[in-house]
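Me: I am new to this structure, and I would like to know what supports each term used for it. Could we go through the ligand and then the core?

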Amino acid sequence: MQIDLKGRTALVTGSTQGIGAAIAAGLARAGVRVGVNGRNPERVERSVAELDQEVPGASWVPVPVDVTTQEGADRVAEMLPDVDILINNLGVFGAADPLEISDEEWRRYFEVNVLSAVRLTRLFLPGMTERGWGRVQYIASDSAIVTPAEMIHYGMSKTALLAVSRGFAKQAAGTGVTVNSVIAGPTHTGGVEDFVYELVDRGVPWDEAQRAFMREHRPQSLLQRLIEPEEIAHMVVYLSSDQASATTGGALRVDGGYVDSILP
Ligand SMILES: NC(=O)c1ccc[n+]([C@@H]2O[C@H](COP(=O)([O-])OP(=O)(O)OC[C@H]3O[C@@H](n4cnc5c(N)ncnc54)[C@H](OP(=O)(O)O)[C@@H]3O)[C@@H](O)[C@H]2O)c1
């Protein structure tokens, strides 16, 4: 399958590292002009330089903006007025005792993980429907389906994204715009690598450490290794393609079989 998205523009929120950076690289390889986003201007510049080494000659737009406010969303719209592919990747996560999570923290998870994605969708969906082509995606998590006891606030935000995605897909019905969410499972990012080494002896080589981590702490994974960010990106690039034109309103799993369920 040849995925050619030349002439399209994407915004990938939270793309200076991890899954977002892999999605940015994957879309750029398919010919997309990609808005690389993070809060810190130097980090955004550094990421663009690294991405440019990875995908030489690609077209990048640095978007050093905190996208969790209306003001931030408006600034993004000034920098990238015509987004064809919106990837709502930004998401914060962290463990907390459910009885200790403050109202403020509950609101923060909703604001960052859900409302910022809703705002950007509200901003860019009308242009996509007018042009008769567009792709909106939300990066959800296995935690959207299996609520972790130690991350109820995170699980809540990811479950909400599935509803948001399904709802906006209905709003975009019949327009040529597709809206989907991607359910990512445990993925090999910097933060997760640190987390693995908190639980497994630091002296152990990475492959062995992640195997021990999966065996002892994530036994329900059928993959029995962490997912590489590129493996999430492949699904996102496919869903962004013309070839995926009949997939909308869906929640697609790239979770290594972690969620013990047939649907979704
Ligand atoms: N890692 C996993 O195992 C896993 C599993 C399932 C789902 N997911 C989901 O996948 C997505 C990406 O996760 P990740 O682990 O790759 O993330 P990550 O490594 O924590 O990266 C977060 C990115 O977001 C940027 N960012 C943070 N706050 C921002 C803000 N207010 N405005 C703009 N950019 C901001 C960060 O850059 P700055 O700090 O410079 O702003 C960075 O580029 C999240 O939605 C997460 O819930 C992850």
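**Ligand and core**

Reply: In this predicted model, 30 residues surround the ligand, and those that come nearest are Thr16, Gln17, Arg39, Asn89 and Tyr154.

Me: What makes the pair formed by the ligand and the side chain of Arg43 a polar contact?

Reply: A polar contact needs N or O atoms within 3.5 Å. An oxygen atom of the ligand is 2.8 Å from an N or O atom in the side chain of Arg43, so the pair qualifies. Lys158 likewise has a side-chain N or O atom 2.8 Å from an oxygen atom of the ligand, and a polar backbone atom of Val67 is 3.3 Å from a nitrogen atom of the ligand, so these pairs also meet the cut-off of 3.5 Å.

Me: How much of the ligand does the protein bury, and which elements give two or more residues to the shell?

Reply: The ligand taken alone exposes 900 Å², of which the protein buries 90%. Helix H1 (18-29), strand E2 (33-38), strand E5 (134-141) and helix H5 (152-171) each give two or more residues to the shell, and the largest share, three residues, comes from E5.

Me: Which residues have the most contacts inside the largest nonpolar core?

Reply: They are Ile23, Leu27, Val34 and Trp60, in a core of 34 residues, to which H1 gives the most, with seven residues.

Me: Why can Val34 be called buried?

Reply: A nonpolar core is a set of buried residues, and Val34 belongs to the largest one, so its relative accessible area must be under 20%.

Definitions and conventions: Residues are numbered from 1 along each chain as its sequence is written. This is a predicted model: local features need pLDDT of at least 70, side-chain atom pairs count only at pLDDT 80 or more; totals for chains, interfaces and linings use all residues. Side-chain values use heavy atoms; hydrogens and water are left out. A residue is near a molecule or strand if one of its heavy atoms lies within 4 Å of it. A polar contact is a pair of N or O atoms within 3.5 Å; within protein, one must be able to donate a hydrogen and the other to accept it, and residues adjacent in sequence count only if both atoms are side-chain atoms. Accessible areas come from the Shrake-Rupley method with a 1.4 Å probe; for residues, only the protein chains shown count as cover. Helices (H or I, at least four residues) and strands (E, at least two) are DSSP runs, numbered from the N terminus. A nonpolar core is a set of buried Ala, Val, Leu, Ile, Met, Phe, Trp, Tyr and Cys residues joined through side-chain atoms within 4.5 Å. Buried means under 20% relative accessible area, exposed over 50%, partly exposed in between (1.4 Å probe, protein chains only).
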